[in-house]
Amino acid sequence: MGNDFKLMIRGYFGEQIIVKRRAPGSYVDGVWNEGSESDVSLWASVQPATGAQVAFLPENQRTSEVMVAFTDVEIYTSRASSDQNTDIIVWRGTRYKVISVKRWLPTQEYWESMIVREVEQ
């Protein structure tokens, strides 16, 4: 199954996306400095979230555009237990914040990530 899914992502249903990943920041002489941002190009199949998936989101995120990205490479949400920053996915020119990531078992070959469109400021 794992190789079949990779073929679907990279061949039939997938397209290249950009993942913006920010390194952890730090204090320098008492002033907070954001970490540097890098772009990672990878393949994903991005689909609209189902009503059931949206229902599990906090109410303040249900009115945003919610998508699901299937990748064969892990992407990240912020974690309270680490200094990992949340990845931002750029798909078709629009920025989406990663709000949850699920590694699929038993194959462990791909990840399903819920992504929410960022509000333009």
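**Folds and a pocket in a predicted chain**

Me: How many helices and strands does the chain have?
Reply: The chain combines helices with strands, which are DSSP runs numbered from the N terminus (H or I over at least four residues for a helix, E over at least two for a strand). This is a predicted model, in which local features need pLDDT of at least 70 and side-chain atom pairs count only at pLDDT 80 or more, while totals for chains, interfaces and linings use all residues. Residues are numbered from 1 along each chain as its sequence is written, and side-chain values use heavy atoms, with hydrogens and water left out. Read along the sequence, the pattern is α-β-β-β-β-α-β-β-β-β, which gives two helices and eight strands.

Me: What percentage of the 121 residues in the chain is buried?
Reply: A residue is called buried when its relative accessible area is under 20%, judged with a 1.4 Å probe and protein chains only. By that rule, the buried part of the 121 residues is 32%.

Me: Which element gives the largest share of the lining of the largest pocket?
Reply: A pocket is an open set of points on a 1 Å grid over the protein atoms alone, where a 1.4 Å probe fits, with protein on both sides within 12 Å along at least five of seven lines, and lining residues have an atom within 4 Å of a point. Residues lining the largest pocket include Phe56, Ile99 and Glu112, and the elements that give two or more residues to this lining are β7 (94-103) and β8 (111-117). The largest share, four residues, comes from β7.

Terms used:
Buried means under 20% relative accessible area, exposed over 50%, partly exposed in between (1.4 Å probe, protein chains only).
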